[in-house]
Amino acid sequence: MIGFLKKTFGVILIGLGLGILLVLLLPITGWLFLIGATVIIVGLIWLAC
């Protein structure tokens, strides 16, 4: 059960990061792009654990 919750949380993080990046492709701003990329990376690391 805990493993399932961890994977679900990781997928949510990746989805959130992708959503942030897609919104930010309209106005390209560097620091918000970094936030979105960081969220995706954290999600991938979370899934890898």
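Begin with the whole protein chain selected: of its 49 residues, 20% count as buried (under 20% relative accessible area, with exposed meaning over 50% and partly exposed in between; 1.4 Å probe, protein chains only). The model is predicted, so local features need pLDDT of at least 70 and side-chain atom pairs count only at pLDDT 80 or more, while totals for chains, interfaces and linings use all residues. Residues are numbered from 1 along each chain as its sequence is written, and side-chain values use heavy atoms, with hydrogens and water left out.

Keep the chain selected and colour by element. About 3,700 Å² is exposed by the protein chain, 88% of it supplied by carbon and sulfur atoms (Shrake-Rupley method, 1.4 Å probe; for residues, only the protein chains shown count as cover).

Switch to a cartoon view. The secondary structure consists of 2 helices and 0 strands (DSSP runs numbered from the N terminus: helices are H or I of at least four residues, strands E of at least two).

Next, select Phe-4, which lies in helix H1, residues 2-24. Phe-4 counts as exposed because its relative accessibility is 57%.

Then add Met-1 and Leu-5 to Phe-4: these residues form a nonpolar surface patch with about 410 Å² of accessible area together.

Finally, move to Ile-20, also placed in helix H1. With a relative accessible area of 24%, Ile-20 is partly exposed. Leaving aside neighbours within four places in sequence, Ile-20 is in contact with Leu-32 and Gly-36 (heavy atoms within 4.5 Å). Display the C-alpha atoms of Ile-20 and Gly-36: they are separated by 5.3 Å, although the residues are 16 apart along the chain.

Notes: Patch = residues over 30% accessible without salt bridge, like charges linked within 9 Å, V, L, I, M, F, W, Y side chains within 5 Å. Salt bridge = Lys/Arg side-chain N within 4 Å of Asp/Glu carboxyl O.
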